Amino acid sequence: MRVQARLVHHEPVTPAVAYRIETPDGAVVISGDTIACNEVAELAQGADVLVHEAFRRAAMQPLMQAIPQLANIATYHADTPEIGSLAKRAGVRTLVLTHLIPAPQNERDKQGFIDDVRSGGFDGELIVADDRTKVSF
């Protein structure tokens with residue numbers, strides 16, 4: 001097994017790290033808290049699974065206008081269409097969304113995450129994770 005780690009962008013909260021775990025069976029990349037950035041894209045090249053945190057700016061826009069602190073938090077979390085674009089460029093087979101903001105309350109909310117990611121161009125397997133979601137490859 002091989003583990004790689006890279007600093008990623010979560011300023012003003014630092015340090016933040018993404019990981020790539022490689023085994024003879026495949027590679028998994030975990031973004032940690034970050035924006036959709038080149039460092040994650042490089043780690044994710046050809047990965048079987050990318051686990052990425054996800055912030056739906058479109059869904060949060062009304063709250064961000066009312067709560068300036070929330071708008072600031074959005075600047076250091078990954079927007080869902082950008083995640084879709086990153087995963088497509090990296091050639092990821094399966095994308096798993098975690099650390100979901102806003103937390104989905106129903107299937108329609110989960111579909112919003114899916115639609116946003118797809119709008120970024122990702123057409124592989126896509127999982128909007130719940131706690132204890134298991135992924136096999």
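This is a short tour of a predicted model, moving from the whole chain to one helix and then to a few single residues.

**Stop 1: the whole protein**

Start with everything shown as a cartoon and colour it by secondary structure. You should find five helices and six strands. Trace them from the N terminus and the order reads β-β-β-α-β-α-α-α-β-α-β. The radius of gyration is 14 Å, close to the 14 Å that the globule rule gives for 137 residues, so the protein is as compact as a globular protein of that length.

Now turn the model along its principal axes: the C-alpha atoms fill a box of roughly 50 × 35 × 25 Å. Switch on a surface if you like. About 7400 Å² is exposed, and carbon and sulfur atoms supply 51% of that area. Of the 137 residues, 44% count as buried. How many of the contacts between residues at least 6 apart in sequence join residues at least 24 apart? The share is 57%.

**Stop 2: helix α5**

Select residues 107-119, which form helix α5. Put a distance marker between the C-alpha atoms at its two ends and you should read 18 Å. That agrees with expectation, because 13 residues at 1.5 Å a residue should span 18 Å.

Next, show the side chains of Lys110, Phe113, Asp116 and Val117, and mark Gly112 too; these residues of α5 are buried. Look straight down the axis of α5: the buried residues fall within an arc of 145 degrees, so they line one face of the helix. What do they pack against? Their partners are β4 (49-55), α4 (80-90), β5 (94-101) and β6 (125-128), so colour those elements to see the surroundings of the helix.

Then rotate to the face of α5 that is turned away from the buried side. Glu107, Arg108 and Ser119 are the exposed residues there.

Both ends of α5 deserve a close-up. At the start, select Asn106: one of its side-chain oxygens comes to within 3.1 Å of the backbone nitrogen of Arg108. Just past the other end, select Gly121, which has a positive phi of about 110 degrees.

**Stop 3: two cis peptide bonds**

Select Thr14 and Pro15 and look at the bond between them. This peptide bond is cis, with omega at about -10 degrees. Pro15 sits in the loop between β1 (2-7) and β2 (17-23).

For another cis bond, move to Ile101 and Pro102, where omega is about 0 degrees. Where is Pro102? This proline belongs to the loop between β5 and α5.

**Stop 4: two positive phi angles outside glycine**

Select His99, a residue of strand β5. Its phi is near 50 degrees, a positive value in a residue that is not glycine. His99 counts as partly exposed, at 40% relative accessibility.

Then jump to Arg132, in the segment after β6. Arg132 is not a glycine either, yet its phi is positive, at about 70 degrees. Is Arg132 buried or exposed? With a relative accessible area of 78%, Arg132 is exposed.

**Stop 5: His77 and Asp79**

Finish in the loop between α3 (68-74) and α4, where you can select His77. His77 counts as buried, because its relative accessibility of 6% is under the 20% cut-off. Show its side chain and follow it to the backbone oxygen of Ile73, which it reaches at 2.9 Å.

Which residues are in contact with His77, once its neighbours within four places in sequence are left aside? Select His10, Asp33, Thr34, Ile35, Glu53, Phe55, Arg57 and His99 to see them. His99 is the residue you met at the previous stop, with the positive phi. For a sense of distance, add Arg89: it is twelve residues from His77 in sequence, and their C-alpha atoms are 19 Å apart.

Last, select Asp79, which lies in the loop between α3 and α4. Asp79 is buried, with a relative accessible area of 13%. Its side chain reaches the backbone nitrogen of Arg57 at 3.2 Å. Setting aside residues up to four places away in sequence, Asp79 touches Phe55, Arg56 and Arg57. Phe55 and Arg57 also appear among the contacts of His77, so keep both selected while you compare the two residues.

Note on methods
Residues are numbered from 1 along each chain as its sequence is written. This is a predicted model: local features need pLDDT of at least 70, side-chain atom pairs count only at pLDDT 80 or more; totals for chains, interfaces and linings use all residues. Side-chain values use heavy atoms; hydrogens and water are left out. Helices (H or I, at least four residues) and strands (E, at least two) are DSSP runs, numbered from the N terminus. The expected span of a helix is 1.5 Å times one less than its number of residues. Buried means under 20% relative accessible area, exposed over 50%, partly exposed in between (1.4 Å probe, protein chains only). The arc is that of the directions from the helix axis to the C-beta atoms. Contact means heavy atoms within 4.5 Å. A polar contact is a pair of N or O atoms within 3.5 Å; within protein, one must be able to donate a hydrogen and the other to accept it, and residues adjacent in sequence count only if both atoms are side-chain atoms. The radius of gyration is taken over C-alpha atoms; the globule rule is 2.2 Å times the number of residues to the power 0.38. Accessible areas come from the Shrake-Rupley method with a 1.4 Å probe; for residues, only the protein chains shown count as cover.
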